[in-house]
Amino acid sequence: MSINNLTPEELEAYAEAHGEKKFRGKQLFTFFNKSGRVDLEHSNLPKNFINQIPRVDDAKIFRTYVSKLDDTKKFLFELNDGNLIEGVLMHYKHGYSQCISTQVGCRMGCVFCASTKKGLVRNLTSAEMLRQVYTVEAAYHIKVSNVILMGSGEPMDNYDNVLKFLKLLHHPQGHHTSYRNMTLSTCGVVDGIDKLAREGLPITLAISLHSPYNDLRSDIMPINRKYNLEELIAAAKRYSEATSSRITFEYTLIAGENDTRDHAVALYSLLKGLRAHINLIPLNAIEEYDKGRSTAEAIQSFKKELERLGAEVTIRRELGSDISASCGQLRRNFEGGIL
Ligand code: SF4
């Protein structure tokens, strides 16, 4: 494991095991996580110590796509082994939010998602997740205040590395991001939700729902065949209670599939009694999925119906819609020679 995956305590032990004073471990941690750097040759650590340190994990910005419509930037990052992953930087009034990837590819098979079309390639390390944030911060001289795990990959399918990443990002001697400003988005891995609830960390949970009916959800999200809606909503309730937090439900509106009044009513009933926020997302079409996005009128009617019933609901603002849209499309288009 590369050493920029380690905690201050692990780095102290590393320093001592390599004949250095313990404090060198903390120095390494702040170099990696407060300065956000990996160019050890420019640190003030002793040369003979640096020479013993093997290569560190990195995620270098390989391509940047800047929206002409707003300040959104989308990135392809290159990992040390040449794999490409993607991320998005969004500028809001309250600061910068960055969406990061947790795996190269994904094995969850959601039909509307480009990231899963070639399956899972590999898990990212915690440091590869950190590097996505730190390289963007260094490139634009900014501080990212919100991190969203919603790029390629299912975070619960890489649980240990994801959890370590969140803890490292939160560490007061490092980036010191509040857990409340971290959002983990899952397609509905119930075991993972329960495990995370037991950690006792107030991480914001987002669940991709996309249908209030088991049959349709199983068609578009195979995870539903393992954990059905009833099990998923029960886990969401447990998570909400354990962390005293509101759960976000992502609902992508697909024309003629899940955007009728009946769907809105069923969605409301499903989430009744839960501290929930519904985020409606207009579908970004991909080649392999022959459905289109709902019309603007259908989206508004769906929202109004939910509001009439008393749900908290927003329509996700489409940022950077002129640059290759949803999760997985940049990597796929680039590798397919389209970008
Ligand atoms: S939507 Fe998320 S969980 Fe589903 S296939 Fe895509 S990356 Fe994986």
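Threonine 260 is partly exposed in this predicted model, with a relative accessible area of 36%. That value falls between the limits of 20% for buried and 50% for exposed, which means that neither of those two classes applies to threonine 260. The residue sits in the loop that runs between strand 10 (247–253) and helix 10 (261–271). Threonine 248 lies 12 residues away from threonine 260 along the chain, and the C-alpha atoms of the pair are 21 Å apart.

A further point of interest is the annotated site. In the UniProt record, an unreviewed entry, the annotation "binding site" takes in Gly153, Glu154, Ser185, Ser208, Leu209, His210 and Asn284. Two of these positions, Ser208 and Leu209, can be followed in some detail.

Serine 208 belongs to strand 9, which spans residues 204–208. Its relative accessibility is 14%, and because this is under 20%, serine 208 counts as buried. Once neighbours within four places in sequence are set aside, the contacts of serine 208 are Ser185, Thr186, Cys187, Arg217, Met221 and Glu250. Ser185, one of these partners, is itself covered by the "binding site" annotation in the UniProt entry.

Leucine 209 is placed in the loop between strand 9 and helix 7 (214–220). With a relative accessible area of 0%, leucine 209 is buried. Residues up to four places away in sequence not being counted, leucine 209 touches Arg217, Met221, Leu229, Leu232, Ile233, Phe249, Glu250, Leu267, Leu270 and Leu271. Arg217, Met221 and Glu250 appear in this list, and they are also among the contacts of serine 208.

Attention now turns to enclosed space. Rolling a probe the size of a water molecule over the atoms shows where empty space remains. Two cavities of 30 Å³ or more are counted in the model, and the second largest holds about 30 Å³ of space. Its lining is made up of Asn4, Phe32, Asn33, Arg37, Val38, Leu130, Arg131 and Tyr134. Helix 2 (23–33) and helix 4 (126–140) are the elements that supply two or more residues to this lining. Helix 4 provides the largest share, three residues.

In character, the lining of the second largest cavity comprises four nonpolar, two polar and two charged residues. Domain 1 (1–56) and domain 2 (57–335) both contribute residues to it, so the second largest cavity lies between the two domains.

Key:
Residues numbered from 1 in each chain as written. Predicted model: local features only at pLDDT ≥ 70, side-chain atom pairs only at ≥ 80, totals over all residues. Heavy atoms only, no water. UniProt positions renumbered as here; feature names shortened; annotations may be inferred. Helix = DSSP H or I, 4+ residues; strand = E, 2+ residues; numbered from the N terminus. Buried < 20%, exposed > 50% of the residue type's maximum accessible area, 1.4 Å probe, protein only. Contact = heavy atoms within 4.5 Å. 1 Å grid on protein atoms, 1.4 Å probe; cavity = no way out; pocket = protein on both sides within 12 Å on 5 of 7 lines; lining within 4 Å. Points joined across faces, edges and corners; volume = space filled by probe spheres on them. Nonpolar A, V, L, I, M, F, W, Y, C, P; charged D, E, K, R; others polar. Domains from an automatic or database assignment.
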